[in-house]
Every structure is written in structure tokens, then in C-alpha cells.
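Okay, thanks for making room for me on the agenda. I'll put the structure up and then walk you through it piece by piece.

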Amino acid sequence: MPEIADPRDRLIVALDLPGVPEAEALIDRIGDAATFYKIGYQLGYAGGLALAERLAARGLKIFLDLKLHDIGNTVEAGVRAASGLGATFLTVHAYPQTMRAAVRGRGAGLKILAVTVLTSYDDADAAEAGYGLPVADLVAQRAAQAAEIGIDGLVCSAAEAASVRRIVGPDRLVVTPGIRPAGTEAGDQKRVMTPGEARKAGIDHVVVGRPITGAADPRAVAQAIVAEMA
Ligand SMILES: O=C(O)c1cc(=O)[nH]c(=O)n1[C@@H]1O[C@H](COP(=O)(O)O)[C@@H](O)[C@H]1O
């Protein structure tokens, strides 16, 4: 678990918003309460990649959540191209071929996170998708493969964070979405924990979207989440 000097860096705010103006307005409202932002499909396909470059140039940390998964050549070239955007993290799905390609394409300064099993999945969803293992076992298998391949960090739910930490050791990152402050709606997330529980389970970073983007006072919610993990 690499040392995190600024406790705000533990919180990654998911900018799941329709466009750049909405994202910039949210970042302004949050102010210095957050230092790390995630840009995924929704904003990425609506000008978010250029925004990522601008935010990185301003000193904010950026998680590019592109969840790449394709033939090795395409993943390697895609990761290489994304390495120029100034982001700190980039996601790929945790398939061995995909992870090996991402490691080949990784440039200096960009860390690759492998998404083990999406936090919206439970055992029934995994079975429906054709997997013969319960979610916890599938996460463990993928975490072991990711460590062997040299991936920088794992995305899993906080429910698996402690076992993933045991598997990958202290030097790889454990990043957990599916985080819900007490009393907030789970929505489509099925494997959820509070920020404090996640911290106790040994995570490096939590990813939080709707509890912040949908809040009346997003700055206050971001501050409360950071405080809960201190
Ligand atoms: O890779 C991710 O960030 C991710 C992986 C995962 O297993 N589950 C998951 O929710 N995410 C992302 O984390 C964010 C969670 O958002 P909220 O559910 O609104 O807090 C979304 O942007 C998801 O795309």
C-alpha cells in the first residue's frame, strides 16, 4: 500500500456527467475538497479526454476509466496513445491477454488498473455471464493473474479488498468503487461498503460518483468522505 501523503487523494470523484460544462461546474463547487477525478465513458465521449489533459495540466490527478478490452495489439496501441494525456490511472478489464498488452503499452507515469469483477455483479450475474465461479473466487483469480503480469493496481469492491490485498501484496494499489456513505442509495451497485469500512479493509482509493454528483452540497459530501477515511 503506497503511502498517501494528502488524505484527499484517497477519494476519486467520478465525473459521470453529460458534458464538460457540467463537469467544470462540479469541480468548481468542490474546490480544494478533492484532488482526484475519474473520467469514464459518458464524459470521455463528450469532450472529456481534452478536459482530462487540461485538469492534469492544472495539477489535478486524473483516472481515465476507459475499461479497455480488445485484441492485444489494439489494447497495447490504445494504452500507448492514452499515455500522452497526463493521467495517473487507466483501467482495462482483468483478462490476462488484455493485461499483458496494457503492460506492454504503458508509458512512464501512467498506472494500469485492472477491473476484476464489476461491483454491479453478484454471483447470479456472474453465472448469467457464463462464469463458473462465485464473484469472490473470480476476483481472487484475476487479482493473482494481474500481480503475476505486473499490473499496477486492482479495481474490486471493498468486500474483496482485504483478500485482494493479501493476494497482491503491499505494493499494488487496491481501488474500490461501490462506495456508499451510510444512508445513501445503492442504485445499481450490488457489492457496497461505506468509506470507513473500505478504509479499514485496506484500500488505497475509493471511487465515488452519484453520492457526490447528485448531492445538494457536493463539497461537503467530499469532505465528509475524506474525513471518514482519515
Ligand atoms: O472502474 C470503475 O471505476 C468501476 C468499476 C466497478 O467495478 N464498478 C464501478 O462502479 N466503477 C465505476 O465507479 C463509479 C461508481 O459510481 P457511483 O455508483 O455513482 O458511485 C462509476 O463511474 C463506475 O463506472
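One definition before we start: when I say two residues are in contact, I mean that their C-beta atoms, placed from the backbone, lie within 7 Å. And please keep in mind that this is a predicted model.

So, with that in hand, let's go to Ala114. Which residues does Ala114 touch, leaving aside its neighbours within four places in sequence? The list is Val92, Ala94, Met99, Arg142, Ala146, Ile151, Leu154 and Val155. I start there since Ala114 is one of the residues with the most contacts inside the largest nonpolar core, along with Val13 and Leu154. That core has 67 residues. Notice that Leu154 turns up in both places: it is on the contact list of Ala114, and it is one of those three well-connected core residues.

Now zoom out to the whole chain. We've got 10 helices and 8 strands, and 42% of the 230 residues count as buried. For the overall dimensions, the C-alpha atoms fill a box of roughly 45 × 40 × 35 Å along the principal axes. How does the radius of gyration look for a chain of 230 residues? A compact globule with that many residues would come out near 17 Å, and the protein chain has 17 Å, so the two agree. One more global number, for those of you who like contact order: take the contacts between residues at least 6 apart in sequence, and 64% of them join residues at least 24 apart.

Okay, helix packing. I have three pairs to show you.

Pair one is helix 6, residues 135-149, and helix 7, residues 161-168. Their axes come within 9 Å and cross at roughly 30°. Angles under 35 degrees count as roughly parallel, so that is what we call helix 6 and helix 7. The crossing is right-handed. On the helix 6 side the contact is made by Val139, Ala140, Ala143, Ala144 and Ala147, and on the helix 7 side by Ser163, Val164, Ile167 and Val168.

Pair two is helix 1, residues 20-30, with helix 10, residues 218-228. Here the axes come within 7 Å, with a crossing angle of roughly 60°. Helix 1 and helix 10 are therefore oblique to each other. This crossing is right-handed too. The residues that meet are Leu26, Arg29 and Ile30 from helix 1, and Pro218, Arg219 and Ala222 from helix 10.

Pair three: helix 3, residues 72-82, and helix 4, residues 96-105. The axes come within 7 Å and cross at roughly 35°. Again, helix 3 passes helix 4 in a right-handed crossing. Helix 3 brings Gly72, Val75, Glu76, Ala77, Val79 and Arg80 to the contact, while helix 4 brings Gln97, Thr98, Arg100, Ala101, Ala102, Arg104 and Gly105.

Right, a few individual residues to finish.

Lys67 is a fun one. Most residues other than glycine have a negative phi. Lys67, which is not a glycine, has a positive phi of about 40°. You'll find Lys67 in strand 3, residues 61-68. Buried or exposed, or something in between? It counts as partly exposed, because it has 17 C-beta neighbours inside 10 Å.

Next, Gln42, which is in helix 2, residues 41-57. Gln42 has 16 C-beta neighbours inside 10 Å, so it also counts as partly exposed. Leaving aside neighbours within four places in sequence, Gln42 is in contact with Asp16, Leu17 and Pro18. Ile4 is another matter: Gln42 and Ile4 are 38 residues apart along the chain, and their C-alpha atoms are separated by 29 Å.

Then Asp171, in the loop between helix 7 and strand 7. With 10 other C-beta atoms within 10 Å, Asp171 is exposed. Asp171 and Ala147 are 24 residues apart in sequence and 9.9 Å apart in space, C-alpha to C-alpha. You've already met Ala147 as part of the helix 6 contact with helix 7.

Last one: Lys190, in the loop between strand 7 and helix 8. It is partly exposed, with 18 other C-beta atoms within 10 Å. Which residues does Lys190 contact, outside its neighbours within four places in sequence? Those are Thr119, Ser120, Tyr121 and Asp122. From Lys190 to Thr116, 74 residues away along the chain, the C-alpha separation is 15 Å.

That's my tour, thanks everyone.

Notes: Residues numbered from 1 in each chain as written. Predicted model: local features only at pLDDT ≥ 70, side-chain atom pairs only at ≥ 80, totals over all residues. Core = buried A, V, L, I, M, F, W, Y, C linked by C-beta atoms within 7 Å. Buried ≥ 20, exposed ≤ 12 C-beta atoms within 10 Å, placed from the backbone. Helix = DSSP H or I, 4+ residues; strand = E, 2+ residues; numbered from the N terminus. Rg over C-alpha atoms; globule rule 2.2 N^0.38 Å. Axes fitted to C-alpha atoms, helices over the stretch in contact; angles between N-to-C directions. Parallel < 35°, antiparallel > 145°, perpendicular 65-115°, else oblique. Left-handed = near helix turned anticlockwise from the far one by under 90°.
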